[in-house]
Amino acid sequence: MRAVFMGLLLLGAGWVGGQPAAAEVPPSGLYEASHEPPEGGPGTATQGFGGRVARADAEGGVWLGRRLASEFGEASVVSVSNDNHRCRLELAVGPVTQAQSEQHMAVVVAGRCLMVSGHSDPDEAGVVALSTVIEGRHHAEAVAAELGVASRWRTHPGYALAVSVAPARAEFRVNEPVELVMTITNAGGVPVRFIDGGQQRGPRNNQFAFIATKRAGHGEALPDTGDPTNFGGKGTFQHLGPGETFVKEARLTDWFAFTEPGTYRVTAVYEMELFNEGFDHPPLWDDLAAARCMVVVGEGDGD
C-alpha cells in the first residue's frame, strides 16, 4: 500500500525508469530538506518549493521545502581527493533561526542541490557556516563560479619516498606477538610533512593496514581477526627534510593470529596525508607508504 500511496503523491513529478523524475531545481539558497514528500503531495510545503530534485552527489533525490535563506557569504571550494573528483564546499548562509538550523537542510548553488553535512549554530546575525561535499569537478567549477571564488585543486607536491619494513626479530614463535618496523625516508628534494596518529586510540593503530600470506606469499591470506574499533587519537606533526627518516613500529598480531609455524609474506601499508608548511586542512595530497617483508614463525607456543 505504501508503494501505491507514494506513487500517487509523485505523479505530479512524472516517472523515469521506475523512479520519480526530479522537479525543476529552485533558485539558489538554503532549503528545508527531507527524503520523504511533504504531507499532501508535491507543492504543498508551507510557503515552500515542495518539489523533489536530484542531488548533485548522485545519491538520488531529495524533497525541498521552504527556502530558509538566500544570502551567501564567505565561501571556499577545495578538492579533497587526488583526482579532484570530490570537493568540499564551505559556505556562510543566513539569516536563519536556531530552530531552522536544527533540521535537515540542503543548499542549492548554480542549479546543484547539495545536502548539508555539517554546520555551525547561527551567529548573532543568524548566519551559519555549513559544509557539504560536491561530487564531480564540473559541478564544483560551476558552484565556485556562481559564488565568485577560485577552486583549489590538488597537484602532486613533488616528493619521493623510500619505504621499507622489517620484522623486529629474525624469528617469532607461534602465538607470540609479532612486531614490524617501518622506515620511511625522504628520498626527494622537497620537504615531506604529515601527521602520525589520529587512528590509534583503540585496540590497534588503524593508520596501518596489512596483508599476510602463508608459504612466503604462495599460500592463502590470513583472515583479519583483530578489532578495528577506532576512537581517533592525538596526532603529531612530522617534518622530513631531504634525506631524513621516520621510523614507526606496529604489532602485526593486532590483525592476525599466527597459529602455525612457517614463513609469511607481509605487505604493510601506512596511510599518509601530506600537508603544507602550516599543516592547514585539508591535506595537499593523500598517499600510502607500502613495503613487503618476510616474517618467520617457528615452533613453540609464545604463551
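**Close-up 1. A polar contact of 2.6 Å links the side chains of glutamate 146 and serine 28.** The model is predicted. Glutamate 146 belongs to helix α3. In sequence, glutamate 146 and serine 28 stand 118 residues apart; in space, their C-alpha atoms are 9.7 Å apart. Beyond its neighbours within four places in sequence, glutamate 146 contacts Ser28, Val109 and Ala110. Glutamate 146 has a relative accessible area of 40%, so it counts as partly exposed.

**Close-up 2. Helix α3 lies across four strands.** The helix spans residues 137-147. The strands it crosses are β6, β7 (86-94), β11 (128-135) and β12. Helix α3 runs at about 145° to β6. Glutamate 146, from the first view, is part of this helix.

**Close-up 3. An open sheet of five strands.** The strand order is β10-β11-β7-β6-β12, and the pairing is mixed. β10 (118-119) and β12 (151-152) are the edge strands, each paired on one side only. Strands of a sheet pair through backbone hydrogen bonds, in parallel or antiparallel fashion. Here β6 (residues 71-79) and β12 run parallel, joined by two bridges. Valine 78 has arginine 152, in β12, as its bridge partner.

**Close-up 4. Two buried cysteines, cysteine 87 and cysteine 113.** Cysteine 87 has a relative accessibility of 1%, which is under 20%, so it counts as buried. Cysteine 113 also has a relative accessible area of 1% and is therefore buried. A disulfide is a covalent bond between the sulfur atoms of two cysteines. How many disulfides does the model contain? The count is zero.

**Close-up 5. The largest nonpolar core, with 33 residues.** Which members touch the most other members of this core? They are Phe210 and Tyr270. At least two core residues come from each of β14 (172-174), β15 (179-186), β16 (192-197), β17 (208-213), β19 (245-251), β20 (262-274) and β21 (285-301). Apart from this core lies another, of 24 residues. Its members include Cys87, Leu89, Ala110 and Val116. Ala110 also appears in the first view, in contact with glutamate 146.

**Close-up 6. The surroundings of phenylalanine 210.** Residues up to four places away in sequence are set aside here. Phenylalanine 210 then touches Leu180, Ala250, Leu252, Trp255, Phe256, Val266, Thr267 and Ala268.

Terms used. Residues numbered from 1 in each chain as written. Predicted model: local features only at pLDDT ≥ 70, side-chain atom pairs only at ≥ 80, totals over all residues. Heavy atoms only, no water. Pairing = 2+ DSSP bridges. Contact = heavy atoms within 4.5 Å. Axes fitted to C-alpha atoms, helices over the stretch in contact; angles between N-to-C directions. Disulfide = S-S within 2.5 Å. Buried < 20%, exposed > 50% of the residue type's maximum accessible area, 1.4 Å probe, protein only. Core = buried A, V, L, I, M, F, W, Y, C linked by side-chain atoms within 4.5 Å. Polar contact = N/O pair within 3.5 Å; in protein donor to acceptor, adjacent residues only side chain to side chain.
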